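Work through these exercises with the sequence and the model side by side. Try each task before reading its solution.

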Amino acid sequence: MHRHVLSRRDPKMQLEKYRPQYLLDFIDLYKKVDHCQRKADAFVTLCIKPAVEEYISRHLGTNIVDQVLAGRHSAEYSSRNFFQYNIQKELLQKEDFQSFVKFICKYEICVKDLIFQHILEEMSEDKALCKLKSQNLKVIVNKIKDATERATKGEDGVLLPDNKESITELIKNMHRHLTKDISLSEEAEKTALFQIQSTCHPFKESLIKSLSEMNEQLEEEFSKSEDITETVNKLPTKPQDELFSQVFGCGQQCPFCKVPCEAGGKKHEKHHAAVHRPQGLGRYRMVDSEKLVETLCTTDVNSARKFRCAATNGEWQPYKEFAKIYPDWLIPPDYTREASDYWKYVLVKYNDRFAQEYNAKPADVPEAWRSITREQALNGLKEAFNIKD
């Protein structure tokens, strides 16, 4: 950041940056001619085009969000529960252990990766990304042309005189009319209009022509651009982050079992989840036996058991007093509540794999869990998220 600011203030670097433009100005001055169209082209290239590209980039992220919410995956994004259900159903069908680990331990990354795939699918269909760029381009170019026409008149509504001095007034008026939409670089403006000898009215006509040519040029660039991933990753508003925020809220996970917070939106006093998971899925193990913990957080906060972790600095802390360590989480004490058949099935199926992954020993799962079928696990998932067939 510091180097960037210094480079912008370095006279040598700025002269080097605009050397071609200054050379053309020198040649015009030497020959005592004024290329009005060239000056208009320079103004559009150096000032307006970067501002237009910034405008499109600034709006594109929100456009993509709207398109995904209305597209082929619209039903999944209609509610957090339905999206969660679909993710976990897919995990069950894929039967890929590392996908479960990523979902449990890197929940936000996992979900955003899936959302990003949805974005790629949506934007790849029928040149959707190109069309969104073109729509934004049309909007801002029309605004600039309108501002240019309006800028030819003073605040009193009278047409500006057709002299060289009025060009400064024309540009000033354009700034005023466009201030809510784009910001034009004053430094680039001074370079583009350096030693201009034209008068206001011909310059304005040349400007309108140059804007049309810029529009065609950008349309062609959009049609040839195929790297959707690169485009999306460069946007100031990341659509995957916006969609995650809208559908999943805060994305915080239970410190014990890693179940994600179910509170909608980002503004809530306490994180909470209706049904927690066996804590071993969140890496918790018994200290003496090193076995993964099969009990739920809701059970242990209703017991005399203790826990320790990095947040307690390795000191033992009663589960009942977990709020002293994790004040942002609400975990109601309830020894009657059970994990869903889904997570019971997952822990049984991958018990040895989780133990190996977490450098622990397999959990002592209840015998009844071993008889849970994949179909029962799926039914348990439907019940947990209130999904009706």
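**Exercise 1. List the contacts of A360, leaving aside neighbours within four places in sequence, then place the residue.**

Solution. Start with the contacts. A360 touches R285, E290, L292 and A355 once its neighbours within four places in sequence are set aside. Keep in mind that this is a predicted model. Next, find the element. A360 sits in the loop between α16 and α17. Now check burial. The relative accessibility of A360 is 16%. The cut-off for buried is under 20%, so A360 counts as buried. Last, look at a distant residue. I182 is 178 residues from A360 in sequence, and their C-alpha atoms are 57 Å apart.

**Exercise 2. Describe the largest pocket: its space, its lining and the classes of its lining residues.**

Solution. First, the space. The largest pocket holds about 380 Å³. Second, the lining. It is made by 17 residues, and those closest to the pocket centre are Y284, R285, M286, V287 and R308. Third, the classes. Nine lining residues are nonpolar and eight are charged, while none is polar. One link to Exercise 1: R285 is among the contacts of A360.

**Exercise 3. Classify the ring pair F100 and Y350, and say which parts of the chain it ties together.**

Solution. Begin with the whole structure. A search finds 22 aromatic pairs. Take F100 and Y350. Their ring centres are 5.5 Å apart, and their planes meet at 45°. Stacked needs under 30 degrees and edge-to-face over 60, so this pair is tilted. Now place each ring. F100 belongs to helix α6 (residues 97–105). Y350 is in the loop between α15 (341–349) and α16 (351–357). The pair therefore ties together parts that are 250 residues apart in sequence. Then check burial. F100 has a relative accessible area of 1%, so it is buried. Y350 has 8%, so it is buried too.

**Exercise 4. Classify the ring pair Y342 and W343.**

Solution. Read the geometry. The ring centres of Y342 and W343 are 5.0 Å apart, with planes at 80°. That angle is over 60 degrees, so the pair is edge-to-face. Then check burial. Both Y342 and W343 are buried.

**Exercise 5. Which ring does the charged end of K112 sit over?**

Solution. Look at F244. The charged end of K112 sits over the F244 ring, 5.4 Å from the ring centre.

**Exercise 6. Examine helix α17: which residues are buried, and what do they pack against?**

Solution. List the buried residues. In α17 they are A377, G380, L381 and K382. Find their partners. The buried residues of α17 pack against α5 and α15. Now focus on K382. This lysine is in α17, which covers residues 374–384. K382 has a relative accessibility of 15%, so it counts as buried. Not counting residues up to four places away in sequence, K382 touches Y85, I387 and D389.

**Exercise 7. Where do K127, N359 and N386 lie, and what are their phi values?**

Solution. Start from the general rule. Most residues other than glycine have a negative phi. Now take each residue in turn.

- K127 has a positive phi near 50°. K127 lies in the loop between α7 (107–124) and α8 (128–151).
- N359 has a positive phi near 55°. N359 lies in the loop between α16 and α17. Its relative accessible area is 61%, so N359 is exposed.
- N386 comes just after α17 and has a positive phi of about 55°.

**Exercise 8. How far apart in space are the C-alpha atoms of A75 and Q356, D66 and N386, and E165 and Q197?**

Solution. Take A75 first. The loop between α4 (36–70) and α5 (80–94) holds A75. A75 is partly exposed, at 42% relative accessibility. Its C-alpha is 37 Å from that of Q356, 281 residues away along the chain.

Then D66. This residue is in helix α4 and is partly exposed at 46%. The C-alpha atoms of D66 and N386 are 26 Å apart, across 320 residues of chain.

Finish with E165. Helix α9 (residues 165–178) contains E165. E165 is exposed, at 56% relative accessibility. Its C-alpha lies 9.6 Å from that of Q197, 32 residues away along the chain.

How values were computed:
Residues are numbered from 1 along each chain as its sequence is written. This is a predicted model: local features need pLDDT of at least 70, side-chain atom pairs count only at pLDDT 80 or more; totals for chains, interfaces and linings use all residues. Side-chain values use heavy atoms; hydrogens and water are left out. On a 1 Å grid over the protein atoms alone, a cavity is a set of points where a 1.4 Å probe fits but cannot get out, and a pocket is an open set with protein on both sides within 12 Å along at least five of seven lines; lining residues have an atom within 4 Å of a point. Grid points are joined across faces, edges and corners, and a volume is the space filled by probe spheres set on the points. Ala, Val, Leu, Ile, Met, Phe, Trp, Tyr, Cys and Pro count as nonpolar, Asp, Glu, Lys and Arg as charged, and the others, Gly among them, as polar. Helices (H or I, at least four residues) and strands (E, at least two) are DSSP runs, numbered from the N terminus. Buried means under 20% relative accessible area, exposed over 50%, partly exposed in between (1.4 Å probe, protein chains only). Contact means heavy atoms within 4.5 Å. Rings of Phe, Tyr and Trp (its six-membered ring) pair if their centres lie within 6.5 Å; planes under 30 degrees apart count as stacked, over 60 as edge-to-face and the rest as tilted. A charge sits over a ring if NZ of Lys or CZ of Arg is within 6 Å of the ring centre and within 35 degrees of the ring normal.
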